[in-house]
Amino acid sequence: MPQLDFRASRLFVDAALAAGQTVALERSQSNYLGNVLRLSAGETVLVFNGRDGEWRATILGRKRPDSLSIVAQTRAQDRLPDLAYVFAPLKHARLDYMVQKAVEMGASRLQPVLTRFTQVSRVNSERMRANVIEAAEQCGILSIADVAEPMPLDRYLSQREAQRLLVFCDEAASAASPLLALQDMRAASNGVDILIGPEGGFAEEERATLLRQPRTIRLSLGPRILRADTAAVAALALVQAALGDWTGPRLRG
């Protein structure tokens with residue numbers, strides 16, 4: 001694991017980064033640095049854009065921070081594992097939590113899907129992206145996970161790449177060891193999609209459709225019923241431990 005400066009504040013900026021460059025701050029960023037973090041001109045922060053690595057930057061501005069002077073690169077850009085988290089949307093606070101944890105666990109793409117028993121039909125994609133960025137800022141992550149627009153489950157299944165591994169987490173599955181089941185699928189170089197259903201579970205016709213998909217593992221997450229946001233963390237941890245970058249970059253982004 002690279003050495004991280006946990007004491008330094010980090011900020012995502014949507015601008016190219018290079019030594020000697022000046023980056024203008026948005027009003028919300030200026031307020032965050034000046035009024036929330038109490039930083040002023042001459043102090044430093046770490047900045048990243050998801051493309052050019054992480055850089056040390058000096059704050060500029062007279063009355064309040066208004067721009068950054070890019071000084072030197074602190075870490076080169078990395079790549080997230082090719083790991084998509086596919087989920088039935090939840091209500092606001094729990095969706096925020098789930099998105100943040102998926103980012104912390106290394107998901108490179110977030111795909112909401114609408115199922116028969118999905119309780120939330122509308123998703124605020126801008127709010128999701130804001131949570132993705134906040135989690136990346138707080139946890140030293142350099143890449144920004146993609147946020148896809150919601151789509152019905154059947155359309156998602158018809159459009160996804162068949163060579164990718166689909167990990168279908170199902171409370172109705174046999175409670176055999178999920179880690180052993182995943183370890184039998186070492187060849188995951190084409191990427192992994194982790195699918196978590198809604199609180200009410202999958203309808204029988206949805207389950208039957210999922211079981212007909214190529215390269216699919218029907219996975220139990222243990223003998224207890226988990227809430228959907230808890231299941232997200234459990235499933236991502238299992239896949240990262242068996243196939244992901246916890247033991248080396250097996251899933252190439």
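In this predicted model, helix 2 and helix 3 pack with their axes 9 Å apart, at an angle of about 45°. The two helices are therefore oblique to each other, since an angle counts as roughly parallel under 35 degrees and as roughly perpendicular from 65 to 115. The crossing of helix 2 and helix 3 is right-handed. On the helix 2 side, the residues that meet helix 3 are H92, L95, D96, V99, Q100, V103 and E104. Helix 3 contributes R127, M128, N131, V132, E134, A135, A136 and C139. Sorted by class, this contact holds 8 nonpolar, 3 polar and 4 charged residues.

Helix 2 also packs on helix 7: their axes come within 9 Å and cross at roughly 5°. Helix 2 and helix 7 are therefore roughly parallel to each other, as the cut-off for that term is an angle under 35 degrees. From helix 2, the residues in this contact are R94, Y97, M98, K101 and A102. Helix 7 supplies A228, D229, A232, V233 and L236. The contact of helix 2 with helix 7 has 7 nonpolar and 3 charged residues, with no polar ones.

What lies in the nonpolar interior? The largest nonpolar core has 43 residues. Within this core, Y85, L95, L110, V167, L182, V192 and I194 have the most contacts. Several elements each supply at least two of the core residues: strand 6 (83-87), helix 2 (92-104), helix 3 (125-139), strand 10 (165-169), strand 11 (192-196), strand 12 (216-219) and helix 7 (228-242). Helix 7 gives the largest share, 8 residues. Another core lies apart from this one and has 15 residues, including L17, L25, L33 and L39. In soluble globular proteins, nonpolar side chains tend to be buried together.

V167 shows the surroundings of one core residue. Beyond its neighbours within four places in sequence, V167 is in contact with L182, V192, D193, I194, L195, I217, L219 and V239. Of these partners, L182, V192 and I194 are also listed among the residues with the most contacts inside the largest core.

Four residues outside these packing contacts are described next by place and exposure.

| Residue | Place | Relative accessible area |
|---|---|---|
| R38 | loop between helix 1 (27-36) and strand 3 (44-48) | 65%, exposed |
| R215 | loop between helix 6 (204-211) and strand 12 | 28%, partly exposed |
| S177 | loop between strand 10 and helix 5 (178-183) | 36%, partly exposed |
| Q159 | helix 4 (residues 153-159) | 51%, exposed |

The backbone at R38 has a phi near 60°, a positive value in a residue other than glycine. R215 is not a glycine either, and its phi is positive at about 50°. R38 counts as exposed because its relative accessible area of 65% is over 50%. R215, at 28%, is partly exposed because that value falls between the limits of 20% and 50%.

How far apart in space are S177 and L221? Their C-alpha atoms are 8.6 Å apart, while 44 residues separate them in sequence. For Q159 and A130, the separation is 29 residues in sequence and 26 Å in space, C-alpha to C-alpha.

Definitions and conventions
Residues numbered from 1 in each chain as written. Predicted model: local features only at pLDDT ≥ 70, side-chain atom pairs only at ≥ 80, totals over all residues. Heavy atoms only, no water. Core = buried A, V, L, I, M, F, W, Y, C linked by side-chain atoms within 4.5 Å. Buried < 20%, exposed > 50% of the residue type's maximum accessible area, 1.4 Å probe, protein only. Helix = DSSP H or I, 4+ residues; strand = E, 2+ residues; numbered from the N terminus. Contact = heavy atoms within 4.5 Å. Axes fitted to C-alpha atoms, helices over the stretch in contact; angles between N-to-C directions. Parallel < 35°, antiparallel > 145°, perpendicular 65-115°, else oblique. Left-handed = near helix turned anticlockwise from the far one by under 90°. Nonpolar A, V, L, I, M, F, W, Y, C, P; charged D, E, K, R; others polar.
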